[in-house]
Amino acid sequence: MHPVSPIKQPIFYWVTNADQSLLLSKQRANLFSGIIPNTDPVIEIDETIRYQKVEGFGFTLTGGSASLIHQLGVTKKNALLNELFGHQINSIGTSYLRISIGASDLSNEVFSYNDLPIGETDTALKCFSLSRDTVELIPILKKVIQINPGIKIMGSPWSAPSWMKSNQLSKGGYLLPQYYAIYAKYLLKYIQEMHTCGIELDAITIQNEPENGANNPSMMMTALEQANFIKNHLGPLFKRAGVQTKIIIYDHNCDHPNYPISILNDSVARQYIDGSAFHLYLGDINALSTVHNQYPNKAIYFTEQWTSKNGVFGNDLQWHVKNVLIGSMRNYSVTALEWNLANDPNFKPYTPGGCSECKGALTIQNDSIISRNVSYYIIAHAAKFIPVGSVRIESNDADGLYSVAFITPNKKKVLIVLNQALQKKYFNIRLKKAWIHTALSAGAVATFII
């Protein structure tokens, strides 16, 4: 038997316990070489087997989130934004943001960028205006970009302007075919005017939750309608305009993978599409692989999952780490995004008919009372340690332990481990001839840097 000997450099890892006794708390372990002298489970990392490249981890900066952050005093606001988006020792390194194109249901009010009195139309889009976003959202985005110039931003519309819709309402209905070309120009105009404001949209989805007409705002859109809209209007328009913003389809639950597959089956539409986006309020996270396996050259995005005001920290931590972080990444996603970044103690702002139970990653009461909730720690366990451009590498699950591993651009190996067993678990992590012996409490998550 080869002797077991410690390797000099220490290994650090960060732990969050289900009971909140540790919250992203830094710990130290030793690397050993030789034979593993125990029978505990082994998670093995194999950097020779590589998968997708990471584009980022983050949240949706809803209009309500931007409003709450904007209202903070200058010192507190800057400190909070540096904590969220910076790369200092106390920052969590959020690297991807989703924003709503117009209002989401977690905005202070329902609006589009081209609202008109009932019965009027504006096919020339002369009344288009980002004015509501210029008050709070855009100033916050500009500060974020100053802190992290590499931040990636995705836009998602909750609805077209009501006058373009079948029911003439902000809630439900569908986009009338006679306005497909106008709505494509509306989205292009949005991207161009955001560019003028100094904000680049890396990607847009065609429609948030196109099979859900219950939010306010919302809009229904079938797969056939998305394919038609992209191949005959939006795709060619973006191409003519030289727009590099990626077009992403679906942006809804994992129970209907055939929705994005059917659009990608259309060869004309497919040429304009970067990938498909998913939520997990219904279905199974493995649906992402179903779509990936059909079209492996098209990206997969995980764009939204909420935590509830009635949720339990430890339960939410385990479910989201298992599905949103580990699950989405093991199923080829390039992003993992939690839902709302911030709300107030009454879970506001939200629109009439919007989500009244969505818990933000932050609860902002005032300058002196800001709480960090479970979503903050879920995303921090990835964003702080896995920079954009990292690549997922092979790792295994073992006896109630779930894992996902990455190699960073500077060649560090990062491993996220969840102990979903009902008791404390001792286990080994092995990388080539080096190994670590450690333990996690029941329900705990840890991020190891090797």
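**Close-up views of a predicted model**

**View 1. Alanine 342 meets its partner in S15.** In S15, leucine 362 is the bridge partner of alanine 342. The model is predicted. Strand S15 covers residues 362-366, and two bridges join S13 to it. S13 and S15 run parallel.

**View 2. A three-strand open sheet.** The strand order is S13-S15-S16, and the pairing is mixed. Strand S13 (342-343) and strand S16 (369-372) are the edge strands. Each of these edge strands pairs on one side only. Strands of a sheet pair through backbone hydrogen bonds, in either the parallel or the antiparallel sense.

**View 3. The S15 and S16 hairpin.** S15 and S16 form a hairpin, with two residues between them. Four bridges join these strands, which run antiparallel. One bridge partner pair is asparagine 366 with isoleucine 369 in S16.

**View 4. An eight-strand barrel.** Eight strands close into a barrel, and their pairing is parallel. The order is S4-S5-S6-S7-S8-S9-S10-S12. From one strand to the next, the twist averages 30°. Helix H5 packs on the sheet and touches S5, S6 and S7. The direction of H5 makes about 130° with that of S5.

**View 5. S6 beside S7 in the barrel.** Strand S7 spans residues 203-205 and pairs with S6 over two bridges. The pairing of S6 and S7 is in the parallel sense. Glycine 155 has isoleucine 204 in S7 as its bridge partner.

**View 6. The buried side of helix H4.** H4 covers residues 137-147. Leu137, Ile138, Ile140, Leu141 and Val144 are buried in this helix. These buried residues lie on the same side of H4, because they cover an arc of only 155° around the axis. In an α-helix there are 3.6 residues a turn, so residues three or four places apart point the same way.

**View 7. What the buried residues of H4 pack against.** The helices in contact with them are H1 (63-70), H2 (74-85), H3 (131-135) and H5 (180-196). Strand S5 (96-101) and strand S6 (152-157) are also packing partners of these H4 residues.

**View 8. Helix H2 against helix H4.** The axes of H2 and H4 are 10 Å apart, and the two helices pack at an angle of about 55°. That angle makes H2 oblique to H4. The crossing of H2 past H4 is right-handed. On the H2 side, the residues are Lys77, Asn78, Leu81, Asn82 and Phe85. They meet Ile140, Lys143, Val144 and Ile147 in H4. Ile140 and Val144 are also among the buried residues of H4.

How values were computed:
Residues are numbered from 1 along each chain as its sequence is written. This is a predicted model: local features need pLDDT of at least 70, side-chain atom pairs count only at pLDDT 80 or more; totals for chains, interfaces and linings use all residues. Side-chain values use heavy atoms; hydrogens and water are left out. Two strands pair if DSSP finds at least two bridges between them. Buried means under 20% relative accessible area, exposed over 50%, partly exposed in between (1.4 Å probe, protein chains only). The arc is that of the directions from the helix axis to the C-beta atoms. Contact means heavy atoms within 4.5 Å. Axes are lines fitted to C-alpha atoms, for helices over the stretch in contact, and angles run from 0 to 180 degrees between N-to-C directions. Angles under 35 degrees count as roughly parallel, over 145 as roughly antiparallel, 65 to 115 as roughly perpendicular and the rest as oblique. A crossing is left-handed if the near helix is turned anticlockwise from the far one by less than a right angle, and right-handed if clockwise.
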